[in-house]
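Let us walk through this model, from its domains down to one pair of helices.

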Amino acid sequence: MRITSIDCHVLLQPAFDITAASSAQDDIVVEIHTDEGISGIGETDVNPWIAKACIEAPGSHNMGVGLTELLVGLDPMDVEGIWERMYVSTAMNGRRGAVINAIGALDIALHDLRGKALGVPCYELLGGAVQSSITPYASLQPETNSYAEYRESLIDWAQRAVNLGFHAVKAEITLEGPFAHTGMREPWERSTEVLAGVRKAVGPDTSLMIDVQYAFPDADTALRVLKTWEEFNLFFVETPLWPDDLEGYRRLADEQSIPIAAGEWLTTRFEHLDLMDRGGVRIVQPDIGRVGGLTEAKRVCQLAADRGLSIVPHLWKTGISVAAAAHLATATPNCPFIEYMPAELTASGLRRDLADDGMTLVDGKVSPSSGPGLGIDINRDALEYYAAVARESYQP
Ligand SMILES: [Mg+2]
């Protein structure tokens, strides 16, 4: 079997809000086709026009090879070998950043393709099932314009998530910092107020996580606020500090008791090693597309396991990423939760419409499809609709 072509679909939601702290408003979906008529599908969480350029741009020397040129003609079954070739052959432009993010989409598609060709689910090819089901946490981020609406909406969604059967909820409390939602600037006490409201709404038995999206300007400020959050029994606080402030992360690990989670923006196992060994995080959050795909995410899972750390994959895209995370988690013993944006509780039409992840929440748990590959169904009408919105919005 040989790879014959790659399609890159750039997708965009109508009326996207450029001030919203949500990348669920766009997407890039890649499809890798073969001469045997089997195709694989993947996606990644990065500016879709940039990812498309990373995949389609021609190369001009052997340290900057074009990804499409490289892949066409290769045997898609050699997924790990192809990952190495993509990583090495794009080194001058890649190694980190957008090129690795783009490689992630291709790698997910190759895993899907290989599973389909062999007639087995992806988790079998990632080492086999070590968990019979996975606990998703409902990831909640209202898109509203005022503090009062934000707080009410978040508390309401948290309550609804518990009513839908979720055992774990993550609240995005992004009222300060560089990515404060739609320009909100609220004192820290207000974040604490929202947190208290959410904890009350979900009750003491629901696992609760908080994502502040890099809101704290420094470790001293983070420590002052986090110490007031210790009473809320949080499973983790996500990305309290800028990702390059590894010394600050180390201080949070040493000087307060809430487990710190991070990793969503990092590419490759090498950046995650710094986060674990220098930053001292307890929960490692590779985004499967951004880190470089399932191949690289699996390596990060193993490095975390070697250190006694937990993996909770970051996820803010469609059912394609949900399925990829579920397959990874099924084959990963140190993965207690996956992130999950419930279709019922998201402002993202793309998330709701594009792909059926093939999973149903039963007793707070999900299992990936046992069908071949990722086991997802793409809604072709939705794909075409959101692709048309992207074309109307921007022509490179
Ligand atoms: Mg986050």
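How many Å separate the centres of domain 1 and domain 2? The model is a predicted one. Taken over C-alpha atoms, the two centres lie 24 Å apart. The domain assignment places residues 3–119 and 379–393 in domain 1. Domain 2 covers 125–377. Domain 1 is thus given in two segments.

Now turn to the contact between the domains. On one side stand 43 residues of domain 1, and on the other 40 residues of domain 2. Which elements supply the side of domain 1 that touches domain 2? Two strands, β2 (26–34) and β3 (39–44), each provide at least two residues. So do the helices α3 (79–89), α4 (97–118) and α15 (380–393). The most comes from α4, with 15 residues. By class, this side of domain 1 holds 18 nonpolar, 15 polar and ten charged residues.

Next, look at a helix pair, α6 (residues 147–164) and α7 (residues 188–202). Their axes are 8 Å apart, and the helices pack at an angle of about 25°. Angles under 35 degrees count as roughly parallel, and α6 and α7 are therefore roughly parallel to each other. Their crossing is right-handed.

Which residues make this contact? From α6 come Y147, R151, L154, I155, A158, Q159 and V162. From α7 come R190, V194, G197, V198, A201 and V202. Sorted by class, the contact of α6 with α7 has nine nonpolar residues, two polar and two charged.

Terms used
Residues are numbered from 1 along each chain as its sequence is written. This is a predicted model: local features need pLDDT of at least 70, side-chain atom pairs count only at pLDDT 80 or more; totals for chains, interfaces and linings use all residues. Domain bounds come from an automatic or database domain assignment. Two residues are in contact if their C-beta atoms, placed from the backbone, lie within 7 Å. Helices (H or I, at least four residues) and strands (E, at least two) are DSSP runs, numbered from the N terminus. Ala, Val, Leu, Ile, Met, Phe, Trp, Tyr, Cys and Pro count as nonpolar, Asp, Glu, Lys and Arg as charged, and the others, Gly among them, as polar. Axes are lines fitted to C-alpha atoms, for helices over the stretch in contact, and angles run from 0 to 180 degrees between N-to-C directions. Angles under 35 degrees count as roughly parallel, over 145 as roughly antiparallel, 65 to 115 as roughly perpendicular and the rest as oblique. A crossing is left-handed if the near helix is turned anticlockwise from the far one by less than a right angle, and right-handed if clockwise.
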